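Welcome! Take a moment to look over the sequence and the 3D view, and then let's walk through a few spots together.

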Amino acid sequence: MSSPDSGPACVSTTSRLPARRRAWLGVCLAASLAALVGCGESGFRPLYAPGAGGETASEKLKDVDFALIPGRVGQRIRNDLIFESTGGGYAKGTPPQYRLEVVLRESITSTLVDVKGQVSGAVYAVEAAFRLIDAKEKKVVFQGSSHARAPFERFEAIYSNVRAREDAENRAARTIADDLKTRLSAYLSRST
């Protein structure tokens, strides 16, 4: 308890910190401010915020034509990308500025094998190599690959195995589509 003559009862928290800690806090604050100032007007902005032209990354995705991807998993990925870019509606009336081509490589790895050689678990893996092509210049402007893995159980019933594998394929396809959408959005939001 403080007496009326002893001054204020509360003391500022910075004066309670040791001098070294206050100096370190000052250095960290100065570095943070320098980093923010260094960003300038075009250095940092949220991915889905409007760009300089007023278009958001979601609107720019409508300028991408998604090429056919062979196979059931490829079709799932393409459908998810189209739905994410157009919301299930029609694309813009103008010709697309970009074309996305995707090549898949799929594999299944057995993970749980008992002493009799029976497999009770597996992992479905897919790698999607993609290229974004500028439609006017006919050149690749962005490329890379995306990976997804989805485990599933193996059962004695054949239909259960089919359903478990299809479910794993669907989960992996969704992961690839989400990753491609994010990477395309990041590229397209930077490009203009």
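In which helix does Glu-169 lie? Glu-169 lies in helix α5. Keep in mind as you explore that this is a predicted model. Below, we start from Glu-169, move on to helix α4, and end with some aromatic rings.

**Glu-169 and its contacts**

- Glu-169 counts as buried because its relative accessibility is 8%, and the cut-off for buried is under 20%.
- Setting aside the neighbours within four places in sequence, Glu-169 is in contact with Arg-72, Val-73 and Tyr-124.
- One of these partners, Val-73, is itself among the buried residues of α4.

**Helix α4**

- Helix α4 covers residues 71-86.
- How far apart are the end C-alpha atoms of α4? They are 22 Å apart, which agrees with the 22 Å that its 16 residues should span at 1.5 Å a residue.
- The buried residues of α4 are Val-73, Gly-74, Ile-77, Arg-78, Asp-80, Leu-81, Ser-85 and Thr-86.
- As you look at that list, it helps to know that an α-helix has 3.6 residues a turn, so residues three or four places apart point the same way.
- After α4 comes Gly-87, which has a positive phi, near 75°.

**Ser-85, a residue of α4**

- Is Ser-85 buried or exposed? With a relative accessibility of 4%, Ser-85 counts as buried.
- The side chain of Ser-85 reaches the backbone oxygen of Ile-82, at 3.1 Å.

**Aromatic rings**

- A pair of aromatic rings is described by two things: the distance of the centres and the angle of the planes.
- How many aromatic pairs does the structure hold? There are two.
- In one pair, the ring centres of Phe-130 and Phe-142 are 5.5 Å apart and the planes sit at 55°, so this pair is tilted.
- Phe-130 belongs to strand β3 (residues 119-134) and Phe-142 to strand β4 (residues 139-153), so the pair ties together parts that are 12 residues apart in sequence.
- Both Phe-130 and Phe-142 are buried.
- The rings of Phe-142 and Tyr-187 have centres 4.9 Å apart and planes at 5°, so this pair is stacked.
- The pair of Phe-142 and Tyr-187 links distant parts of the chain, since Phe-142 is in strand β4 and Tyr-187 is in helix α5 (residues 158-191), 45 residues apart.
- Like Phe-142, Tyr-187 is buried.
- Ring pairs link Phe-130, Phe-142 and Tyr-187 into a cluster.

Notes: Residues numbered from 1 in each chain as written. Predicted model: local features only at pLDDT ≥ 70, side-chain atom pairs only at ≥ 80, totals over all residues. Heavy atoms only, no water. Helix = DSSP H or I, 4+ residues; strand = E, 2+ residues; numbered from the N terminus. Buried < 20%, exposed > 50% of the residue type's maximum accessible area, 1.4 Å probe, protein only. Polar contact = N/O pair within 3.5 Å; in protein donor to acceptor, adjacent residues only side chain to side chain. Phe/Tyr/Trp six-rings, centres within 6.5 Å; stacked < 30°, edge-to-face > 60°. Contact = heavy atoms within 4.5 Å. Expected span 1.5 Å × (residues − 1).
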